[in-house]
There are 2 protein chains.
Amino acid sequence: MTETAVRRGRPGYDQAGILEVAVAAFNEFGYDATSMGVLAARLGLSKSAIYHHVASKDELLELALGQALDGLEGVLLEEAASTGDAAERLAHVLRGAVRVLTDKLPYVTLLLRVRGNTEVERRALARRRAFDRAVAALVVEARDEGSLRADVDPGVATRLLFGMINSIVEWYRPGGAEGADQLAEDVLTVAFDGLRV
Amino acid sequence: MTETAVRRGRPGYDQAGILEVAVAAFNEFGYDATSMGVLAARLGLSKSAIYHHVASKDELLELALGQALDGLEGVLLEEAASTGDAAERLAHVLRGAVRVLTDKLPYVTLLLRVRGNTEVERRALARRRAFDRAVAALVVEARDEGSLRADVDPGVATRLLFGMINSIVEWYRPGGAEGADQLAEDVLTVAFDGLRV
């Protein structure tokens with residue numbers, strides 16, 4: 001994109017602003033059902049104005065999924081994800097995953113609906129699976145060090161943990177009664193200690 | 001439907017058999033995208049042969065969702081769901097919900113995708129919400145009797161429990177490494193006691 005092209009974008013929408021509106025539309029109507037024409041109408045821009053910011057609808061999807069995936073992968077790169085015993089690192093990663101989910105709610109919602117229909121979707125799924133595998137490895141390590149119970153299969157435990165965390169996109173609303181930090185603590189409490197007194 | 005009409009149905013498919021094939025197609029292609037013509041092709045029947053068994057595609061959906069909902073509501077009617085302390089009743093209902101999910105996997109999968117686009121879907125959603133409310137009430141009661149911790153909001157706890165249980169449709173396969181009974185025990189273990197040793 002040339003500088004002239006960038007300047008021609010209507011004031012009020014940079015790429016991030018277009019992405020936000022696009023992701024809301026993808027989540028509402030589905031990616032396939034959302035045409036660039038629909039997006040242009042929602043933005044009050046011409047299609048060509050959108051093309052000053054992104055090359056294609058596919059690129060919008062890739063950027064949107066990247067927001068979620070960069071966030072999740074970033075958690076694994078934090079120092080607390082690689083120091084301390086495995087149970088502490090796992091706790092840090094689960095807390096971080098909830099934080100990414102609540103901070104980037106529409107982007108993670110979109111990510112969780114991806115089924116691998118296009119090359120962009122398949123790359124995103126591969127990155128999501130790599131994240132899941134990293135968490136699964138932490139669960140195994142925490143069991144092997146004796147921090148987590150051995151009578152629940154680590155693969156099943158990992159899936160139940162993600163089931164709990166990912167379901168948050170179905171009902172969490174920013175500014176609601178339950179804050180994001182409290183929610184992350186609740187997830188850790190249930191996951192590690194259970195609900196029983 | 002007249003007796004003659006029933007007899008005209010091709011041997012090998014009764015209503016339950018048609019329903020099974022229909023639900024698989026609804027889950028694969030989506031309800032809207034699955035026409036009666038597609039179903040007829042899959043069944044190797046004429047459309048009119050299908051109409052000997054069900055009045056409409058809408059009725060197929062209603063019957064399919066009923067399979068899942070009757071199962072879940074049935075759990076609430078079992079004696080162990082109304083005897084003992086609230087934590088025991090809750091454990092029974094959660095175990096029963098996992099059992100219905102694994103026994104009726106395609107039907108529950110379909111139920112969990114319903115968004116309320118038609119009258120049949122809205123009635124199903126209303127029944128699903130009533131089931132969820134019954135479980136939420138048990139969580140509150142168990143907390144009030146002192147069996148469940150008071151530092152996790154019962155509404156959040158209920159949502160996390162359903163998140164864990166409902167996510168099972170994403171990966172559980174009958175005959176896989178983890179049997180249905182073991183899975184139900186694992187869910188109860190995580191929910192009540194947590195993964196920490």
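The legends below describe close-up views of a predicted model with chains A and B.

Local features need pLDDT of at least 70 and side-chain atom pairs count only at pLDDT 80 or more, whereas totals for chains, interfaces and linings use all residues. Side-chain values use heavy atoms, with hydrogens and water left out, residues are numbered from 1 along each chain as its sequence is written, and chains are lettered from A in the order in which they are written.

**View 1. The area buried between chain B and chain A.** In this interface, 33 residues of chain B are in contact with 33 residues of chain A (heavy atoms within 4.5 Å). The buried area, meaning the accessible area (1.4 Å probe) that the two parts lose on being put together, summed over both, is about 3,000 Å², and carbon and sulfur atoms give 65% of this area. Arg149(B), Leu160(B) and Leu195(B) supply 24% of the area that chain B buries against chain A, more than any other three residues.

**View 2. A salt bridge between the chains.** Asp193(A) forms a salt bridge with Arg196(B), and their closest N and O atoms are 3.2 Å apart; the term requires a side-chain nitrogen of Lys or Arg within 4 Å of a carboxyl oxygen of Asp or Glu. The count between chain B and chain A is two salt bridges.

**View 3. Elements of chain B that touch chain A.** The elements giving two or more residues to this side of chain B are α9 (154-166), α10 (168-171) and α11 (180-193), where helices are DSSP runs (H or I, at least four residues) numbered from the N terminus. The largest share, nine residues, comes from α11(B).
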